[in-house]
Amino acid sequence: MYKLAEWFVSINGEGRRAGEPAVFIRFVGCNLACNYCDTAWAISEDAEHEGKSLEDIIEYVETSGITNVTLTGGEPLLQDGLENLIPELIGRNHRVEIETNGAVSIKSIYDMAHKYSLTDELSVTLDYKCPGSGMEAFMDMDNYDYLRPEDTVKFVVSDRNDLDKAREIIERYELVKKCAVFLSPVFGRIESREIVEYMLEHKMNGVKHQLQQHKFIWPPDARGV
């Protein structure tokens, strides 16, 4: 059984498919505790959840009529059974995006993508936790060996120090050549204008600024959106 904190249909609030409808499958349990986490209620393995079978999830997604599926958390890569769920979803013509915190290896996803020759059907949005998160020490830097053009690296920044670190990582790993790269503000900590001015100052070609659309459409702390 899969441990789900919630499942719902909304729009992608961020990433490559921002603004597109998506089915969200949120698992409980996370190995990090970022100080700005907006789903802290789902990070404990003992967090309130429902057990759902593979068949339950497939039925829910299929009934929704939505193509995009986002696996999130918590930390979805800690959930057992993804190697069964993902091919089932893709086999039914769904596109699967995995939102992962950067502290768990994505090699299994990389191997799956190559095994089944998946390109647009399977993607990873990989966070790099900047110093302002309090979790930078836990980043698995081997993940940058497994990035594909379909994937994304996201830096959620709190201040200029975080921007400096994001730029350092982008340049060191030549991320713009490997995948999509986004800079996002920690909601309420830094203004987007400061991020954009920094990007222009440092000529960060190929890097995109993004906002979490769902936090502007609904209350920032709303669930199920």
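The paragraphs below walk through a predicted model, taking loops, buried positions, salt bridges and surface charge in turn.

A convenient place to begin is the loop between β2 (21–27) and β3 (50–52), where Cys30 is found. Leaving aside neighbours within four places in sequence, Cys30 is in contact with Ile43, Gly74, Glu75, Leu78 and Asn101. The C-alpha atoms of Cys30 and Pro76 are separated by 8.0 Å, although these two residues stand 46 residues apart along the chain. One of the contacts of Cys30, Gly74, deserves a look at its backbone, for the peptide bond from Gly73 to Gly74 is cis, with omega near 15°. Gly74 itself lies in the loop between β4 (68–72) and α2, so a reader following the chain meets this cis bond with helix α2 (residues 82–91) still ahead.

Within helix α2 (residues 82–91) sits Ile90, which counts as buried because its relative accessibility is 12%, under the 20% that marks the limit for that class. Not counting residues up to four places away in sequence, Ile90 touches Val96, Leu118, Glu121 and Leu122. Between the C-alpha atoms of Ile90 and Asn68, which are 22 residues apart along the chain, the separation is 9.9 Å. The loop between α2 and β5 holds Asn93, whose phi is positive, at about 70°, although Asn93 is not a glycine. In contrast to the buried Ile90, Asn93 is exposed, with a relative accessible area of 66%.

Past strand β5 (95–100), in the loop that runs between this strand and α3 (107–115), is the place of Ala103. Is Ala103 buried or exposed? At 18% relative accessibility, Ala103 counts as buried, because the class takes in values under 20%. With residues up to four places away in sequence left out, Ala103 touches Asn31, Leu32, Phe138, Met139 and Asp140. By comparison, the C-alpha atoms of Ala103 and Leu163 are separated by 20 Å, with the two positions 60 residues apart along the chain.

The charged side chains come next, and the structure holds 18 salt bridges. Lys165 forms one of them with Glu136, the closest N and O atoms being 2.6 Å apart. Since Lys165 lies in helix α4 (residues 160–172) and Glu136 in the loop between β6 (122–129) and β7 (152–157), the pair ties together parts that are 29 residues apart in sequence. Lys165 counts as buried, because its relative accessibility is 18%.

Helix α4 takes part in a further salt bridge through Arg160, whose side chain meets that of Glu201 at 3.2 Å, N to O. This pair links distant parts of the chain, with Arg160 in helix α4 and Glu201 in helix α6, 41 residues apart. Both partners fall in the partly exposed class, Arg160 with a relative accessible area of 36% and Glu201 at 45% relative accessibility.

Glu150 and Arg148 also form a salt bridge, with their closest N and O atoms 3.2 Å apart. The two partners fall into separate accessibility classes: Glu150 is partly exposed, with a relative accessible area of 21%, whereas Arg148 is buried, with a relative accessible area of 7%. Elsewhere, Glu14, Asp127, Lys129 and Lys154 are linked in a network of salt bridges.

Towards the end of this walk, the loop between α4 and α5 (175–178) is the place of Glu174. Like Asn93, which has a positive phi of about 70°, Glu174 has a positive phi, here of about 45°, although Glu174 is not a glycine. Glu174 is partly exposed, with a relative accessible area of 44%.

Which residues gather in a patch of negative charge on the surface? They are Asp159, Asp164, Glu191 and Glu194. Of these, Glu191 is found in the loop between β8 (180–185) and α6 (192–201), and Glu191 counts as exposed because its relative accessibility is 61%, over the 50% that this class requires.

Definitions and conventions: Residues numbered from 1 in each chain as written. Predicted model: local features only at pLDDT ≥ 70, side-chain atom pairs only at ≥ 80, totals over all residues. Heavy atoms only, no water. Patch = residues over 30% accessible without salt bridge, like charges linked within 9 Å, V, L, I, M, F, W, Y side chains within 5 Å. Areas by Shrake-Rupley, 256 points an atom, 1.4 Å probe, with all protein chains shown as cover. Salt bridge = Lys/Arg side-chain N within 4 Å of Asp/Glu carboxyl O. Lys, Arg positive; Asp, Glu negative; His and termini not counted. Charge placed at Lys NZ, Arg CZ, Asp CG, Glu CD. Helix = DSSP H or I, 4+ residues; strand = E, 2+ residues; numbered from the N terminus. Buried < 20%, exposed > 50% of the residue type's maximum accessible area, 1.4 Å probe, protein only. Contact = heavy atoms within 4.5 Å.
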